[in-house]
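Trainee: Could you take me through a single part of this one up close? I'd like the metal site and the chain around it, please.

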Amino acid sequence: MQRSFIARNPSVLIFLSLLALFTLVVTVLSEGAGAGFISTSFIKTLGKTLCLCLIAVAMDLIWGYAGILSLGHFAFFGLGGYMIGMWLMYERTRLIVVDSLNQTEIPPTEAEVIEAIGTQIFGVVGSSDFPMIWAFADSLILQLALVVLVPGMLALIFGWLAFRSRVTGVYLSILTQAMTLALALYLFQNDSGLRGNNGLSGLQNLPGVTASQDIVSLWFLWASAFALGAGYFLAAWVVSGKFGSVICGIRDNEARVRFLGYSVEAYKLALFTLTACLAAIAGALYYPQAGIINPAEIAPIASIYLAVWVAIGGRGRLYGAVIGAAFVSLLSTWFTGGQAPDLPMGVYTVKWVDWWLVLLGVSFVLVTLFAPKGIGGLFDLIPTKKGSEE
Amino acid sequence: MSMLLEVSGVSVSFDGFKAINNLSFNIGEAELRAIIGPNGAGKTTFMDIVTGKTRPDEGRVIWGEKSVSLLKMSEAQIAQAGVGRKFQKPTVFEDQTVQENLLVSLKNPRSWLSVLTYRPTAEDLGRVDALAEEIGLSDQLTRLAGELSHGQKQWLEIGMLLAQEPRLLLVDEPAAGMTVTERQHTTDILVEAAKTRAVVVVEHDMEFVRRLNCKVTVLHEGSVLAEGSLDHVTANKDVIDVYLGR
Ligand SMILES: Nc1ncnc2c1ncn2[C@@H]1O[C@H](COP(=O)(O)OP(=O)(O)OP(=O)(O)O)[C@@H](O)[C@H]1O
Ligand SMILES: [Mg+2]
């Protein structure tokens, strides 16, 4: 009766194939593989872009499908980054400390090692004691669990409070902005336990791994591609059946869904939490490639950019979000990285580093006004065999 | 006859304006009832109260043989208990096909976990086909609901309610904006539905109400003005004054 999920959603298979092909080609051309056509720093950029595509998929689920314009998902992304960053920083510092203490005559005690690690990590904020929240930083497994647990819990509590009070529309968007702002401001404080505005650094170095960055960058590229593929598959599966019907119904007519007997709040909460976890996983893969995370990453504007990517890429079609995130963030790197040639206009020379944001803003307005389906809408123009979509 | 829904002494006011004033209303199993009344009489507000959208200031709303109060339940719980509701303006999921609209409405577990893993069974698809037949949309199953005509949307919404298998169906102005033949069809659907469940129809159009051929309740300024057969209430002097005589 029902064909398999993949057979009914050919776009998923196409997407996964393209992603695999992309990863393969990039790998072959990389410095790590000896070819050197693509520099290691650009490999990292591509890997990070895949992570941004993953959070864009999450954003499309919550906004494009369920109609909830969350402007706070970068808070979850950042938290995911912090959680993995804690282990990376702790473990690497520990190895260095143990190494240097072992040079001394008397072998160090456990307490001395901990003390030395604390001084190394928290010296910048004038402390040497480990805050409570670092309790599990010595365990990779636990810290990996926290990558989803901490943002997941935050989303659960925030969502429960907001949805239960039936906060919707622009009020909800404002509330999510407030959440991410509050979190950023908290993390900026030196006594937040996460090194204030210094953030966590040196995250590109995997403790105990001697392989060069050329190789490590490839590992992260693969991990990011795998996460994006898995996240995309999950998202496509979630929206493919009745759950998708219900959340699109919530977007288009919340009252109808409610009077059909569905608990709208429970659905919103489940989806909000799920997308927060996806965002967190994306963040946990992103920051080891970026090398550093600090509270500025969680600034409210980051989450707004996310909405802009998804809008430009086209909402409610998953691949649109991926295209939007990849296209706009790579373009943004190009423009703000100073690679884009300046545009002399007689009396005034347009420097893209300054003007890129204006260009982005204008594009956003134009897309919203004239192409509400975004770049992804172009795919609708491809004629399909009638009935093949069903 | 035991009552399915008993509304007694219900009042609700919006900013001091009494939209519903000490209203009492009963309906039994498998009964068809029409509610008429001038604009602003409180017909929609009455449905809001029964379905949990609006909380009354006072009064009781008692449901079923176990006599549970609907006032403590959420909209979704009331719907699950067996109250279906059609809105005044058609509300269907325009971005989804007729089939999807009906599938999502079928009486099946409503929790998000069970919905996540749900895949339509042959039986469910058969149910959908039967419903589409009933509302005259059999050849529209794969069309987007947004592409349907106004009348077809109204039927689809009624079909979605029937899919829910409610014990009480509240229908707000189903014939508004319909052509004469469409109205005829709507009457047939409702009369048929009322054979197995209670149906309350709010309607302005007297011809439509006459064809329903059922007991009529006249609302005025938030309370019941008259109740009985259509001929009985239209002969009532108060009714003529406030409603028919205008
Ligand atoms: N949420 C609300 N806030 C304020 N006033 C309201 C609200 N809902 C209804 N009213 C008022 O209550 C009165 C009854 O409204 P209701 O919609 O129930 O009338 P109705 O009988 O359905 O009328 P119609 O035939 O026009 O649909 C109206 O005067 C309306 O303005
Ligand atoms: Mg009304």
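Mentor: Sure, let's begin with one of the residues at the site: B:Thr44 has 27% relative accessibility, so it counts as partly exposed. Keep in mind that this is a predicted model. B:Gln88 also counts as partly exposed, because its relative accessibility is 38%; for both residues, the partly exposed class runs between under 20%, which means buried, and over 50%, which means exposed.

Now for what these two do in the model. The magnesium ion, ligand 2, is coordinated by OG1 of B:Thr44 and OE1 of B:Gln88, at 1.9 to 2.4 Å. B:Thr44 sits in helix H1 (residues 43-50) of chain B, while B:Gln88 is in the loop between strand E6 (83-86) and helix H3 (98-105), so the pair ties together parts of the chain that are 44 residues apart in sequence. Water is not among the atoms, so the site may look incomplete.

Stepping back to the chain that holds the site, chain B has 10 helices and 10 strands. Its radius of gyration is 18 Å, close to the 18 Å that the globule rule gives for 246 residues, so chain B is as compact as a globular protein of that length. Along the principal axes, its C-alpha atoms fill a box of roughly 55 × 40 × 35 Å. Of the 246 residues in chain B, 54% are buried. As for contacts in chain B between residues at least 6 apart in sequence, 67% join residues at least 24 apart. On the outside, chain B exposes about 10500 Å², with carbon and sulfur atoms supplying 50% of that.

Definitions and conventions: Residues numbered from 1 in each chain as written. Chains lettered and ligands numbered in written order. Predicted model: local features only at pLDDT ≥ 70, side-chain atom pairs only at ≥ 80, totals over all residues. Heavy atoms only, no water. Donors = N, O, S within 2.8 Å, 3.2 Å for Na, K, Ca; no water. Helix = DSSP H or I, 4+ residues; strand = E, 2+ residues; numbered from the N terminus. Buried < 20%, exposed > 50% of the residue type's maximum accessible area, 1.4 Å probe, protein only. Rg over C-alpha atoms; globule rule 2.2 N^0.38 Å. Contact = heavy atoms within 4.5 Å. Areas by Shrake-Rupley, 256 points an atom, 1.4 Å probe, with all protein chains shown as cover.
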